[in-house]
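Trainee: I have the sequence and the coordinates open. Can we go through them one question at a time?

Mentor: Go ahead.

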Amino acid sequence: MTDDIDARIDAFWADADDTRPEEMWRALDALLRPLAVGDPRVPFERASLHDFLGEEAEAIPLYRAALDGGLSGELRTFATIQLASSLRNVNDASGAMRLLQGVSADDPHADAAQAFLALAQYDDDKARVALRTALTALAGRLPAYRRAIEAYAADLAPLRRVRSIVVALIVRNGYVLCEEYPGLAGGAPFLRAPGGGIRFGEPAATAMRRELHEELGVDADEVRLLGVTENIFADAAHPGHEIVHVFGVRSARLEALPLSARLPVLDADTTVGWYALDALAAPDAPAFYPDGILDLAQQLASPGANPRI
């Protein structure tokens, strides 16, 4: 029966026509009716049809239901890739990246996953990383010059441009929430205030709320612009120039995070945690970026504070 269902569904998709949505839904419902209640194939195929018709928002919960329901084998990879593509199309590039990074390199459809990952990285304002992902995936298919392309991809330099970003200062009882990064080229680890880039046409406060949702999976209860500053990286290997919108942020969920806990950043390989402001002021403390952020955090921690840059 499974082979028969597979063949009939394959034929359905071969004849798919988005100018006849009602007819397609009737045909798909008839195809899926013999499947058992709870079969994850049902939400997967229904999600796929929503996707085909340009209804990504309706497809997303169905893809999730199929994956949570135990969809397996090749269809599981398809559901992962298609869910990621739908997320990207509703402006959740970070969510798409998280999914696609979980597709195993030995999966038969790993190259397709890498292609969609490159698109999501590009949408997430990571053009250099996107190009590296695409070139690295392509290199394995080349009959010649594979090593050269892999080496050039690994050496792609960051674009030299001025970036407009937002960062969050979240202070609690003398502690500030920081994201920890490994040191560059063997250097000491350093800290940054959580945040990210502002999209074209996006108000800075909206970007701040979006970044917290994408990076930490939380909603901000309050965002208040404290000021705008400038951050110029002097590191020769990774020079950078940022215009930084600094927000004082209140988030009940983040403020409830235990002082000893670490929270993973959802679109990176880093974590956030609490750091004592007094300890960060010590000479041997890790650097806290962007420049001047520690002074502002200390002001924010003062009773009745109303800091401004």
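Trainee: Is Asp125 buried, partly exposed or exposed?

Mentor: One caution before the answer: this is a predicted model. Partly exposed covers the range between 20% and 50% relative accessible area. Asp125 has a relative accessibility of 39%, so Asp125 counts as partly exposed.

Trainee: Which residue forms a salt bridge with Asp125?

Mentor: Asp125 lies in the loop between H7 and helix H8 (127-139), and its partner lies in the loop between helix H9 (146-154) and strand S1 (162-169), so the pair ties together parts that are 36 residues apart in sequence. The partner is partly exposed, at 37% relative accessibility. The closest N and O atoms are 3.4 Å apart, and the partner is Arg161.

Trainee: What separates Arg146 and Glu150 in helix H9?

Mentor: Their side chains meet in a salt bridge, 3.1 Å from N to O. Arg146 is partly exposed at 42% relative accessibility, and Glu150 is partly exposed at 29%. An α-helix has 3.6 residues a turn, so residues three or four places apart point the same way. Because Arg146 and Glu150 are four residues apart in helix H9, what separates them is about one helical turn.

Trainee: How many residues apart are Asp29 and Arg46?

Mentor: The side chains of Asp29 and Arg46 meet in a salt bridge of 2.6 Å, N to O. This pair links distant parts of the chain, with Asp29 in helix H2 and Arg46 in helix H3, and the separation is 17 residues.

Trainee: Which residues are linked with Glu202 in a network of salt bridges?

Mentor: Glu202 sits in the loop between strand S5 (195-197) and helix H10 (204-216). With a relative accessible area of 15%, Glu202 is buried. Its side chain also reaches the backbone nitrogen of Arg199 at 3.0 Å. In the network, Glu202 is linked with Arg199, Arg210, Glu211 and Glu214.

Trainee: Is the pair of Phe44 and Tyr63 stacked, edge-to-face or tilted?

Mentor: Stacked needs planes under 30 degrees apart and edge-to-face needs over 60, with the rest counted as tilted. The ring centres of Phe44 and Tyr63 are 6.3 Å apart and the planes are at 50°, so the pair is tilted.

Trainee: Which helices does that pair of Phe44 and Tyr63 tie together?

Mentor: Phe44 is buried at 3% relative accessibility, and Tyr63 is buried at 0%. The two residues are 19 residues apart in sequence, and the pair ties together helix H3 (residues 41-52) and helix H4 (residues 56-68).

Trainee: Which residues form one aromatic cluster with Phe12?

Mentor: The structure holds five aromatic pairs. In one of them, Phe12 and Trp13 are edge-to-face, 5.0 Å centre to centre with 75° between the planes. Phe12 is buried at 9% relative accessible area, whereas Trp13 is partly exposed at 24%. The cluster joins Phe12 with Trp13 and Phe52.

Trainee: What covers the buried residues of H5?

Mentor: Helix H5 (residues 73-89) has 17 residues and reaches 25 Å from its first C-alpha to its last, close to the 24 Å expected. Its buried residues include Thr77, Ile81, Leu83 and Leu87. What covers the buried residues of H5 includes H3, H4, helix H6 (93-100) and helix H7 (110-123).

Trainee: What is phi of Asn91?

Mentor: Asn91 is found in the loop between H5 and H6, and it is exposed at 55% relative accessibility. Most residues other than glycine have a negative phi. Asn91 has a positive value, near 70°.

Trainee: Where is Asn173 placed?

Mentor: Asn173 has a positive phi too, near 50°. Its relative accessible area is 70%, so Asn173 is exposed. Its place is the loop between strand S2 (171-172) and strand S3 (175-181).

Trainee: Which residues does a cis peptide bond join?

Mentor: Most peptide bonds are trans. This cis bond has an omega of about 0°. The second of its residues is found in the loop between strand S10 (288-289) and helix H13 (293-301). The residues joined are Tyr289 and Pro290.

Definitions and conventions:
Residues are numbered from 1 along each chain as its sequence is written. This is a predicted model: local features need pLDDT of at least 70, side-chain atom pairs count only at pLDDT 80 or more; totals for chains, interfaces and linings use all residues. Side-chain values use heavy atoms; hydrogens and water are left out. Rings of Phe, Tyr and Trp (its six-membered ring) pair if their centres lie within 6.5 Å; planes under 30 degrees apart count as stacked, over 60 as edge-to-face and the rest as tilted. Buried means under 20% relative accessible area, exposed over 50%, partly exposed in between (1.4 Å probe, protein chains only). The expected span of a helix is 1.5 Å times one less than its number of residues. Contact means heavy atoms within 4.5 Å. A polar contact is a pair of N or O atoms within 3.5 Å; within protein, one must be able to donate a hydrogen and the other to accept it, and residues adjacent in sequence count only if both atoms are side-chain atoms. A salt bridge is a side-chain nitrogen of Lys or Arg within 4 Å of a carboxyl oxygen of Asp or Glu.
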